[in-house]
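Let's take a walk through this protein together, starting from the whole and then stopping at a few residues. Keep the viewer open as you read.

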Amino acid sequence: MTDARLSIASEIRELESVLAAIPESRVIERMSLESRLETARAALAAMPQLPAPKARLTFRGRPVFGSHGIAADFGGKAASAFSDAFAAVAAALSEGLQAMGPIPGRDKHPLLITGTAIGSFGFEFELPAAEPGLFPASEKANEAMAKIEALLRLAAEGSDDAVAEVIEEVHPRAVRKVHDFLELLVQQQAWCGLEFGERSFRYADFEQIKASCERLKDSNIHESVEAFRGEFQGILPTGRTFEFRLADQAGLIRGKVDQGIDEPEVLNREWLHKPVTVTLKVMQVGQGRPRFTLMSLDDLHA
């Protein structure tokens with residue numbers, strides 16, 4: 001059934017794309033395509049809904065009483081902090097999260113508490129129902145939950161470079177929200193586990209979550225903006241990666257092109273092997289290697 005839904009979703013996307021390119025004045029040409037689109041949409045609507053994905057967040061520690069219950073004050077704050085982290089990561093992946101202001105698209109990524117999670121004690125969250133290809137917000141919601149699980153796991157068990165690789169993909173503000181969730185647990189002498197699909201991670205004890213919280217603190221994630229002189233050696237537009245040879249053969253920088261740059265291939269067309277000064281965002285986690293990102297084409301100067 002999933003393959004059938006994907007096939008119809010792909011057909012709908014293709015028909016919508018073709019129709020968007022045909023002027024309204026070409027009525028006869030549009031009629032058959034609009035009819036096919038209406039039929040495809042009706043077929044998709046008639047198919048059984050995919051089950052909404054679920055995540056289980058459980059707790060241990062001082063506020064938790066085995067599998068019997070959890071302190072209400074702690075449980076409410078923990079659920080709220082986790083929901084904030086989820087909304088921020090989902091927005092960072094899809095909405096262009098800014099350093100300040102309301103989290104955009106929050107109503108697209110609601111988490112519903114649909115039950116308690118027994119084992120220790122916690123909550124079962126329902127994510128927005130996934131409709132591949134038609135509802136990107138649902139797909140981003142799944143990706144956001146996977147990123148949170150990865151951040152929790154790697155902050156506990158991974159290298160600084162592995163943590164940085166995930167942080168690179170989400171906004172620092174979103175990482176800060178994940179840290180705020182962990183900090184709340186540390187303050188209450190609690191730790192947690194998260195299960196989502198085939199992903200599962202559980203902190204071993206209070207000391208491990210305390211160490212993870214420290215790794216995701218602002219003071220351990222160093223960000224700066226630096227200027228470099230040299231030449232671009234090549235850009236892979238699909239992977240959004242580049243190589244930049246520093247002036248006087250002083251070294252080679254490998255970095256990424258930010259999603260805010262719509263056409264990274266312009267770097268190959270206009271800036272390849274030309275002397276340039278480029279301003280890059282530099283991010284480093286702990287003792288890991290620096291990671292470089294080109295944030296805007298306005299940061300390039302011949």
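How much accessible surface does the protein have, and what percentage of it belongs to carbon and sulfur atoms? The accessible surface comes to about 15,600 Å², and 52% of that belongs to carbon and sulfur atoms. Please keep in mind that this is a predicted model. The protein has 302 residues, of which 43% count as buried. Its secondary structure consists of 8 helices and 13 strands. If you look at contacts between residues at least 6 apart in sequence, 65% of them join residues at least 24 apart.

Let's begin on the outside. Helix H2 spans residues 27-46, and Met31 is part of it. With a relative accessible area of 52%, Met31 is exposed, because the cut-off for that class is over 50%. Together with Val27 and Ile28, Met31 makes a nonpolar surface patch of about 340 Å².

Now turn to helix H7, residues 206-215. Its buried residues are Phe206, Gln208, Ile209, Ser212, Cys213 and Arg215. At the N-terminal end of H7, Asp205 acts as a cap: one of its side-chain oxygens lies 3.3 Å from the backbone nitrogen of Glu207.

Ser212 deserves a longer stop. This residue of helix H7 has a relative accessible area of 0%, so it is buried. What does its side chain reach? One partner is the backbone oxygen of Ala155, at 3.4 Å, and another is the backbone nitrogen of Ala156, at 3.3 Å. Beyond its neighbours within four places in sequence, Ser212 is in contact with both of those alanines and also with Leu152, Leu182 and Tyr203.

Another alanine to find is Ala162, in helix H5 (residues 160-169). Its relative accessibility is 22%, so it counts as partly exposed; the buried class takes in values under 20%. From Ala162 to Ala150 the C-alpha to C-alpha distance is 9.5 Å, and the two are 12 residues apart in sequence.

Next comes a charged residue, Arg240, in the loop between strand E8 (221-236) and strand E9 (241-246). Which side chain of opposite charge is nearest to Arg240, and how far away is it? The answer is Asp258, at 6.4 Å. Arg240 is buried yet has no salt bridge, because a salt bridge needs a side-chain nitrogen of Lys or Arg within 4 Å of a carboxyl oxygen of Asp or Glu. A polar atom of the Arg240 side chain does lie 2.5 Å from the backbone oxygen of Ile261. Leaving aside neighbours within four places in sequence, the contacts of Arg240 are Gly255, Lys256, Val257, Asp258, Gln259, Ile261 and Pro264.

We finish with the backbone of two loop residues. Gln189 is in the loop between helix H6 (172-187) and strand E6 (190-196), and its phi is near 55 degrees, a positive value in a residue other than glycine. A relative accessible area of 40% makes Gln189 partly exposed. His273, in the loop between helix H8 (266-270) and strand E11 (276-285), has a phi near 60 degrees, again a positive value in a residue other than glycine. At 46% relative accessibility, His273 counts as partly exposed.

Key: Residues numbered from 1 in each chain as written. Predicted model: local features only at pLDDT ≥ 70, side-chain atom pairs only at ≥ 80, totals over all residues. Heavy atoms only, no water. Helix = DSSP H or I, 4+ residues; strand = E, 2+ residues; numbered from the N terminus. Buried < 20%, exposed > 50% of the residue type's maximum accessible area, 1.4 Å probe, protein only. Contact = heavy atoms within 4.5 Å. Areas by Shrake-Rupley, 256 points an atom, 1.4 Å probe, with all protein chains shown as cover. Lys, Arg positive; Asp, Glu negative; His and termini not counted. Polar contact = N/O pair within 3.5 Å; in protein donor to acceptor, adjacent residues only side chain to side chain. Patch = residues over 30% accessible without salt bridge, like charges linked within 9 Å, V, L, I, M, F, W, Y side chains within 5 Å.
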